[in-house]
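Student: Hi, have you got a moment to go through a model with me? I'd like to talk about helix packing, odd backbone angles and salt bridges.

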Amino acid sequence: MANATPKDADTVHSTNPQHLVEKIIRSRIYESLFWKESCFALTAESVIDRATELKYIGGVSSGLIKPTPFICLTLKLLQIQPDKEIVLEYIANSDFKYLRCLGAFYLRLVGTAMDCYTHLEPLLKDFRKIKRMKRDGGFELIHVDEFIDELLTEERACDIILPRVTNRFALEMYQDLEPYDTTLLDELEEEEEDEGAADPTEAPPPPPSSPPPADGHKGAASSRQEENDATDRHGGSRDRRYAHHPAPSHCHHHRIFCKEELFLLHSGHRDLTL
């Protein structure tokens, strides 16, 4: 059958390579007109002619799950399984950006984690614009580096679930993967060097704070002086605050007078003259 995978084909991630595409999408591709007319009897070399004619990337669109030519060619590559060297040539071709995206997408589906990081990360420096069809049938403008970043970081791209890849940090630790050399670090280092050259002088250090008094008597004297100043601000010296209170002797006579008055009241002498 024209849609079947060859019997001598290698399994990818322990499964039939065409099964990396969901069954509903795969069946819609087999029924599409582009698959029947343009993808019949294609080889690894003739796929290039169809890929150079692409105008956009994308998965499926509309409620009827209509496949795009990009996803149809991806399924065709999964069926014929071109050699790795041919796929790398797709990626290395800088003249046709959609052919590069097709090769990168296929390598992300069938390649190992080392292959993905090694051969796809250099494409993050490709800032050319490409069109992508959305699920509602509209188009959006993105860049090649954005699409490659989705392939390396997202779980789904072009409506296809991507196989899981090992974390890059783990590969750097255990499989001798070189750290990613980004141009942003070089730009940041250049900016720091320019700022250092523009302002070579540094701000003088702040003056040292005065040490606490060595003698405890000086500290007590200063606290008393502060207390006196506070009392003066609140209305004079401390003696003035107690000026409205009666003397202790007056308080004593007042208490005696109160007792005599009570005695007279209880004895019936209500007419008191003071």
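Tutor: Happy to; here are a few local features, taken by topic.

Student: What should I know about the model before we start?

Tutor: This is a predicted model, where local features need pLDDT of at least 70 and side-chain atom pairs count only at pLDDT 80 or more, while totals for chains, interfaces and linings use all residues. Residues are numbered from 1 along each chain as its sequence is written, and side-chain values use heavy atoms, with hydrogens and water left out.

Student: Cool. At what angle do helix 5 and helix 6 pack?

Tutor: Helix 5 (residues 84–92) packs on helix 6 (residues 97–110) at about 135°, and their axes are 7 Å apart. Helices here are DSSP runs of H or I with at least four residues, strands are E runs of at least two, and both are numbered from the N terminus. Axes are lines fitted to C-alpha atoms, for helices over the stretch in contact, and angles run from 0 to 180 degrees between N-to-C directions.

Student: And which residues make the contact?

Tutor: From helix 5 it is Val87, Leu88, Tyr90, Ile91 and Ala92. Helix 6 brings Leu99, Arg100, Gly103, Ala104, Tyr106 and Leu107. Contact means heavy atoms within 4.5 Å.

Student: Switching topic: what is odd about the phi of Ile65?

Tutor: Its phi is positive, about 55°, although Ile65 is not a glycine. Most residues other than glycine have a negative phi. Ile65 sits in the loop between strand 1 (60–61) and strand 2 (66–67).

Student: Is Ile65 buried or exposed?

Tutor: Buried, at 17% relative accessibility. The cut-offs are under 20% relative accessible area for buried, over 50% for exposed and partly exposed in between, using a 1.4 Å probe and protein chains only.

Student: What about Cys158, where is that?

Tutor: Cys158 is in the loop between strand 5 (156–157) and strand 6 (160–161). Cys158 also has a positive phi of about 55°, and it is buried at 13%.

Student: Now salt bridges. How many are there?

Tutor: The count is nine, taking a side-chain nitrogen of Lys or Arg within 4 Å of a carboxyl oxygen of Asp or Glu. One of them joins Lys84 and Asp115, at 2.9 Å from N to O. Lys84 lies in helix 5 and Asp115 in helix 7 (residues 113–120), so this pair ties together parts 31 residues apart in sequence.

Student: Which residues are linked in a network?

Tutor: Arg100, Asp126 and Arg128 are linked by salt bridges. Asp126 is buried, at 8%, whereas Arg128 is partly exposed, at 27%.
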